[in-house]
Amino acid sequence: MKPLFLFRPEPGWSVSAQTARDMGLDVHGAPLFTIEPVEWTVPSPDDFDGILVGSANAFRHGGKHLEKLTRLPVHAVGEATADAARIAGFLVGLTGRGGLQGLVDELGNRKLQLLRLAGQDRVALRPPDGIEVETRVLYRAVAEELSQESAELLRDGGVAVLHSGAAAARLRDEFDRLDLNSAVVDLAVIGPRVAEMAGEGWRSIHIADAPGDSELLALARALCQTEDQ
């Protein structure tokens, strides 16, 4: 069985690692980012109809300013983000299943002023007619280097799991920096954008059936059990 490598930030890394171990997988890797809060100013909730959030990190790192916005409904990119919103005291409006752009598209055909709570590195959105989005940056990702242990193991190949475009681009950079051979590594990625940002030269790239951790890890398990041709 091929080794599995995880690179998402905490606390997601530990959750995914435990799930993968419960599947019987040989788990390696470490976060390639540390998430830290940034200073931000909270706008008046009277100016908005709802909040748009693409990551639970907004609620983990938004601080006390978030309390001023809890009367606005949160439109969350997925179930994990929706759960984080509820824990932070928000009501959840729409929960997406196909990325933040898909969520915004679902909100179309109405006039809405949305406040986007986001990270410093974020996906550009194309709001449909009638929807205006104002963004506040609450956190940023600080890059970490690939550990020596992971680098040595990856020289022999394996399956790398990528939960975000930022992780894909960071892994690509680390392979270039360390002169690692991407042609011996299979990628399991959470969506088409992540596959695009990973670039070319990998042994194979496979996209999960749905953008969730369980679906992504199920794909990774299948790849780990596949013998090299």
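This tour proceeds from the whole protein to individual strands and residues, naming at each stop what to select. The model is a predicted one.

**The whole chain**

Begin with the full protein displayed as a cartoon. Its secondary structure consists of eight helices and 11 strands. The radius of gyration is 18 Å, close to the 17 Å that the globule rule gives for 229 residues, so the protein is as compact as a globular protein of that length. Viewed along the principal axes, the C-alpha atoms occupy a box of roughly 60 × 35 × 30 Å.

Next, switch to a surface representation. The protein exposes about 11,300 Å², and carbon and sulfur atoms supply 47% of that area. Of the 229 residues, 47% count as buried. If charged residues are coloured, 23 positive and 34 negative charges appear, and the mean positions of the two sets are 4 Å apart. Among contacts with a separation of 6 or more, 58% are between residues 24 or more positions apart.

**Strand β4 and its partners**

Return to the cartoon and select residues 50-53, which form strand β4. Show the side chains: G50 and L52 point one way, while I51 and V53 point the other way. Are these residues buried or exposed? All of them are buried.

Now add residues 112-119, strand β7, which runs parallel to β4 and is joined to it by four bridges. Within this pairing, I51 has L115 as its bridge partner. Then add residues 74-76, strand β5; this strand also runs parallel to β4, with three bridges between them. Here V53 is partnered by A76.

**T81 in helix α3**

With V53 and A76 still displayed, select T81, a residue of helix α3 (residues 79-87). T81 has a relative accessible area of 5%, which places it among the buried residues because the cut-off is under 20%. Which residues does T81 touch, leaving aside those up to four places away in sequence? They are V53, G54, S55, A56, F59 and A76. The list thus includes V53 of β4 and A76 of β5, the bridge partners just visited.

**The five-stranded sheet**

Turn next to an open sheet of five strands, whose order is β2-β1-β9-β10-β11 with parallel pairing. Its edge strands are β2 (27-28) and β11 (204-207), each of which pairs on one side only.

To walk across the sheet, select strand β1 (residues 4-6) together with strand β9 (residues 158-162); three bridges join these parallel strands. L6 stands opposite V161 of β9. Continue from β9 to β10, which pair in the parallel sense over five bridges. V161 appears again at this step, standing opposite A188 in β10.

Keep strand β10 (residues 185-189) selected. Five of its five residues are buried. Both faces are covered, with V185, L187 and V189 on one side and D186 and A188 on the other.

**H206 at the edge**

Finish with H206, which lies in strand β11, an edge strand of the sheet. How far is H206 from L216 in space, C-alpha to C-alpha? The distance is 9.5 Å, and the two are 10 residues apart in sequence. H206 is partly exposed, with a relative accessible area of 28%. Apart from residues up to four places away in sequence, H206 touches L187, A188, V189, L219 and L223. Of these, L187, A188 and V189 belong to the buried residues of β10.

Terms used: Residues are numbered from 1 along each chain as its sequence is written. This is a predicted model: local features need pLDDT of at least 70, side-chain atom pairs count only at pLDDT 80 or more; totals for chains, interfaces and linings use all residues. Side-chain values use heavy atoms; hydrogens and water are left out. Helices (H or I, at least four residues) and strands (E, at least two) are DSSP runs, numbered from the N terminus. The radius of gyration is taken over C-alpha atoms; the globule rule is 2.2 Å times the number of residues to the power 0.38. Buried means under 20% relative accessible area, exposed over 50%, partly exposed in between (1.4 Å probe, protein chains only). Contact means heavy atoms within 4.5 Å. Accessible areas come from the Shrake-Rupley method with a 1.4 Å probe; for residues, only the protein chains shown count as cover. Lys and Arg count as positive and Asp and Glu as negative; His and the chain ends are not counted. The place of a charge is taken as NZ of Lys, CZ of Arg, CG of Asp or CD of Glu. Two strands pair if DSSP finds at least two bridges between them.
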